[in-house]
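Trainee: I should like to learn how to read the sheets and the packing in a structure of this kind. Could we work through them in order?

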Amino acid sequence: MNYGCQSMTGKIQSILLKRPEQAFISQENLDKTWEDFRYFGCPDYQQVLKEYDAFEQIIRDHVPNVYYLPQDARGGLDSIYTHDPLKITRKGAVYFPMGKALRSKESLATEEFLQNHGVPTLGRITAPGRMEGGDVLWLDERTVAIGRGYRTNDEGIRQFKEITKDVINEYIIVPMPHGDGEDCCLHLMSIISLVDRDIAVVYSRYMPVMFREYLLSRGMTLLECNDEEYDYLGTNLLALEPGVCILIEGCPEIEAKLRRAGVTVHTYPGRELSYRGTGGPTCLTCPVERL
């Protein structure tokens, strides 16, 4: 497969998904494991399948090449969120051990799959380094913002810089807040999603002043998400191409702001699929190639 994804908004040509049948597996498996993964209640498996079908249809309507990870013992419920174990550059993939212990071997399965499909490995973050894909945000092809928080540490950032020094010119390190605590999933992309080259949905309450000012200095229009919709993943959007995005149903205020800004918005029902595991449309996808 073709690869290279140093953008958050370029048109997606190839994407990697994992269906709930291969991640959640069954209602029985969900019943046994949802508390270990700290979900907000046990997902209803049959409803998850319906929600995923709606989400997947949007993807297939817009992305020419869709690939699916198989079931693998190295991944649990969270392996449905294919974005976090890696980032794919123009020179290959960089894999992350991730800060959540239950996901520590997940990247091995993804690496095996992508190597078998022609995507080389550029590097791997190793202990004591920690990093997760949700903390790595391309601002343009040569500029990346990295959230420094509980899931991504200084050593992980150091290693990432060394691995990617030939493909990235500028690294913006963004200190993340404590938020709701160490066990909660707070990534950089929990508080910002680019939906076009100069438009982003943000939750400024958790955004450092220096980073917000930096975005404004780049000419970025920031669409503010309110508290209620932030809690319902209103800042976790996937740009399918510049000005076209996917948003979870149930965030009418940010959806209206996006439409007024000229952005095309596709929505899907995601209470069981996304909200319970705090993984929105960005988390559910790993774009392999963007143009």
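Mentor: The discussion below turns first to the sheets, then to the helices and the buried residues. Please bear in mind that this is a predicted model.

Trainee: How should I begin with a sheet, and in what order do the strands β6, β7 and β8 lie?

Mentor: Strands of a sheet pair through backbone hydrogen bonds, either parallel or antiparallel. In this model, one open sheet has three strands in the order β6-β7-β8, and its pairing is mixed. Its edges are β6 (136-140) and β8 (170-175); each has a single partner strand, so one side of each is left without a neighbour in the sheet. From one strand to the next, the twist averages 25°.

Trainee: In which sense do β7 and β8 pair, and over how many bridges?

Mentor: Strand β7 (residues 143-148) pairs with β8 in the parallel sense, over six bridges. As an individual position, Ala145 stands opposite Ile172 in β8. Helix α6 packs on this sheet, where it touches β6, β7 and β8, and its direction makes about 140° with that of β8.

Trainee: What is the strand order of the sheet that contains β9, β10 and β11?

Mentor: That sheet is open, with three strands in the order β9-β10-β11 and mixed pairing. The edge strands, β9 (192-196) and β11 (221-224), each pair on one side only. Neighbouring strands are turned by 30° against each other on average, direction ignored. Between β9 and β10 (residues 199-202) there are four bridges, and these two strands run antiparallel. Asp196 has Ile199 in β10 as its bridge partner.

Trainee: Which strands of this sheet do helices α6 and α8 lie across?

Mentor: Helix α6 (residues 209-217) lies across β9 and β11, at about 130° to β11. Helix α8 (residues 252-260) lies across β9, β10 and β11, and runs at about 155° to β11. Helix α6 therefore has contacts to report in both sheets: β6, β7 and β8 in one, β9 and β11 in the other.

Trainee: Let us turn to the interior. Which residues of the largest nonpolar core touch the most other members?

Mentor: This core holds 82 residues, and those touching the most other members are Ile59, Leu137, Phe160, Ile191, Ile192, Phe211 and Leu258. Helix α3 (residues 45-62) gives the most to the core, with seven residues. Apart from it lies another core of twelve residues, including Cys5, Ile88, Ala93 and Cys286.

Trainee: Is Phe211 buried or exposed, and why?

Mentor: Phe211 counts as buried because its relative accessibility is 0%. The residue lies in helix α6. Leaving out residues up to four places away in sequence, Phe211 touches Leu137, Leu139, Ala145, Ile172, Val174, Leu188 and Ile192. Two of these were met above as positions standing opposite one another, Ala145 and Ile172. By contrast, the C-alpha atoms of Phe211 and Lys87 are separated by 21 Å, and these residues are 124 apart along the chain.

Trainee: How should a buried charged residue be read, and which side chain of opposite charge is nearest to Glu51?

Mentor: One looks for a partner of opposite charge. Glu51, which is found in helix α3, is buried yet has no salt bridge. The nearest side chain of opposite charge is Arg271, 7.5 Å away. Beyond its neighbours within four places in sequence, Glu51 is in contact with Tyr268, Pro269, Gly270, Arg271, Glu272 and Leu273.

Technical notes
Residues numbered from 1 in each chain as written. Predicted model: local features only at pLDDT ≥ 70, side-chain atom pairs only at ≥ 80, totals over all residues. Heavy atoms only, no water. Pairing = 2+ DSSP bridges. Axes fitted to C-alpha atoms, helices over the stretch in contact; angles between N-to-C directions. Contact = heavy atoms within 4.5 Å. Core = buried A, V, L, I, M, F, W, Y, C linked by side-chain atoms within 4.5 Å. Buried < 20%, exposed > 50% of the residue type's maximum accessible area, 1.4 Å probe, protein only. Lys, Arg positive; Asp, Glu negative; His and termini not counted. Salt bridge = Lys/Arg side-chain N within 4 Å of Asp/Glu carboxyl O.
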